[in-house]
Amino acid sequence: MAEETGQEKTEEPTPRKLEKAKEEGQIARSKELNTTMVLVLGAVGLLFFGPWMAERMNHVALFAFSLERSAAFDTSVMANHLSASAYEAALALAPWLVIVLLAALFGPMGLGGWMFSSKSLVPKLNRLNPLSGLKRMFSANSLVELIKSWAKVLVVGFMAWMVLGFYFEDAMSLLRKDVEPAVEGSVHIIIWSVIFLCLSTALIAIADVPWQIYSHTKKLRMTLQEIKDEYKESEGRPEVKGRIRQLQREVAQRRMMADVPTADVVI
């Protein structure tokens, strides 16, 4: 419509336009926000369940390697031993996996809500158009995605450099410790390093969310003619409404004339 009439899409989308776009699966989404939630909650899960998981995995490793020589040559015993080890490892990792799964499921609710639209699954032939693909490659959205990619590299790299400098002395001191304290210290350093690195991605998500909202709203902008057409479709065209009122008056007048012969008083 805008291209045919030469009008620019300068008007904000109407509620009906937004609702129709939502039905078609077109809502604002931020992949950076979803990724950040999964990473941060996964790192926090490691902080809370990491020691317990490490202890359970230690027992699994001891059980896995505590085999008699005769059992190593018995396939049935080895299969049972492997099944038991896998079961214990799954139980050890279950709390952390549940947290990550919930973060992946409820992450999209942070922007746009959680929805499912079958219309978005319908294949669209215009997506296979090479010209449209080239247009998307050199669009403002592609430029923003490129900037975000470089920003993630710089932000995460800078945070990794800071974390490395902060824990350098602690990491070097692990060489002088016994095995068990060294393992505990390394786990502590790794968990907190992962948390800081994951939190650094939140800076990208904070900048990406407003851009996705703006980009989505801009894509759905309408022309004045589109707003007028939508109003006519929702409220009815004026000429049609006028014709309906005229017919209603004619019907009422015919009824009145038909009731005159039997009326007691005519006003």
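**Exercise 1. Overall fold**

How many helices and how many strands are there in the protein?

Solution. The structure is a predicted model.
- Step 1: count the elements. The protein has nine helices and zero strands.
- Step 2: read along the sequence. The pattern is α-α-α-α-α-α-α-α-α.
- Step 3: check burial. The protein has 267 residues, and 20% of them count as buried.
- Step 4: check the range of the contacts. Among contacts with a separation of 6 or more, 84% are between residues 24 or more positions apart.

**Exercise 2. Ser30**

Place Ser30 in the fold, decide whether Ser30 is buried or exposed, and list its partners.

Solution.
- Step 1: locate the residue. Ser30 sits in the loop that runs between helix H2 (15-23) and helix H3 (31-65).
- Step 2: classify its accessibility. The relative accessible area of Ser30 is 2%. Buried means under 20%, so Ser30 is buried.
- Step 3: list the contacts. With neighbours within four places in sequence set aside, Ser30 contacts Leu111, Asp208, Val209 and Gln212.
- Step 4: look for a polar contact. The side chains of Ser30 and Asp208 are joined by one of 2.5 Å.

**Exercise 3. The largest nonpolar core**

Name the residues of the largest nonpolar core and the elements that supply them.

Solution.
- Step 1: list the members. The core has five residues, namely Val40, Ala43, Ile191, Ile195 and Cys198.
- Step 2: assign them to elements. H3 and H7 are the elements that give two or more residues to this core.
- Step 3: find the main contributor. H7 provides the largest share, three residues.
- Step 4: follow one member. Ala43 touches Val194, Ile195 and Cys198, when residues up to four places away in sequence are not counted. Ile195 and Cys198 are themselves among the residues of the core.

**Exercise 4. The second largest pocket**

Describe the volume and the lining of the second largest pocket.

Solution.
- Step 1: give the volume. The second largest pocket has a volume of about 540 Å³.
- Step 2: find the residues at the centre. The lining has 18 residues, of which Gly50, Pro51, Ala54, Glu184 and Val187 are the closest to the pocket's centre.
- Step 3: assign the lining to elements. Two or more residues come from each of H3 and helix H7 (179-219). H7 gives the most, with ten residues.
- Step 4: sort the lining by type. Twelve residues are nonpolar, three are polar and three are charged.
- Step 5: relate the pocket to the core. H3 and H7 line this pocket, and H3 and H7 also contribute to the largest nonpolar core.

**Exercise 5. Gly107**

Is Gly107 buried or exposed, and which residues is Gly107 in contact with?

Solution.
- Step 1: locate the residue. Gly107 belongs to the loop between helix H4 (75-106) and helix H5 (130-137).
- Step 2: classify its accessibility. With a relative accessible area of 0%, Gly107 is buried.
- Step 3: list the contacts. Leaving aside neighbours within four places in sequence, these are Asn34, Met37 and Leu102.
- Step 4: examine Met37. Gly107 and Met37 are 70 residues apart along the chain, and their C-alpha atoms are separated by 6.2 Å.

**Exercise 6. Three residues of helix H4**

Classify Ser85, Tyr87 and Ala94 as buried, partly exposed or exposed, and give what is known of their surroundings.

Solution.
- Step 1: confirm the helix. Ser85 is in helix H4, as are Tyr87 and Ala94.
- Step 2: set the cut-offs. Buried means under 20% relative accessible area, and exposed means over 50%.
- Step 3: apply them. Ser85, at 9% relative accessibility, counts as buried. Tyr87, at 51%, counts as exposed. Ala94, at 30%, is partly exposed.
- Step 4: list the contacts of Ser85. Without residues up to four places away in sequence, Ser85 touches Val60, Phe63 and Ala64.
- Step 5: add the C-alpha separations. Tyr87 and Val60, 27 residues apart along the chain, have C-alpha atoms separated by 9.4 Å. For Ala94 and Met53, 41 residues apart along the chain, the separation is 9.3 Å.

Note on methods
Residues numbered from 1 in each chain as written. Predicted model: local features only at pLDDT ≥ 70, side-chain atom pairs only at ≥ 80, totals over all residues. Heavy atoms only, no water. Helix = DSSP H or I, 4+ residues; strand = E, 2+ residues; numbered from the N terminus. Buried < 20%, exposed > 50% of the residue type's maximum accessible area, 1.4 Å probe, protein only. Polar contact = N/O pair within 3.5 Å; in protein donor to acceptor, adjacent residues only side chain to side chain. Contact = heavy atoms within 4.5 Å. 1 Å grid on protein atoms, 1.4 Å probe; cavity = no way out; pocket = protein on both sides within 12 Å on 5 of 7 lines; lining within 4 Å. Points joined across faces, edges and corners; volume = space filled by probe spheres on them. Nonpolar A, V, L, I, M, F, W, Y, C, P; charged D, E, K, R; others polar. Core = buried A, V, L, I, M, F, W, Y, C linked by side-chain atoms within 4.5 Å.
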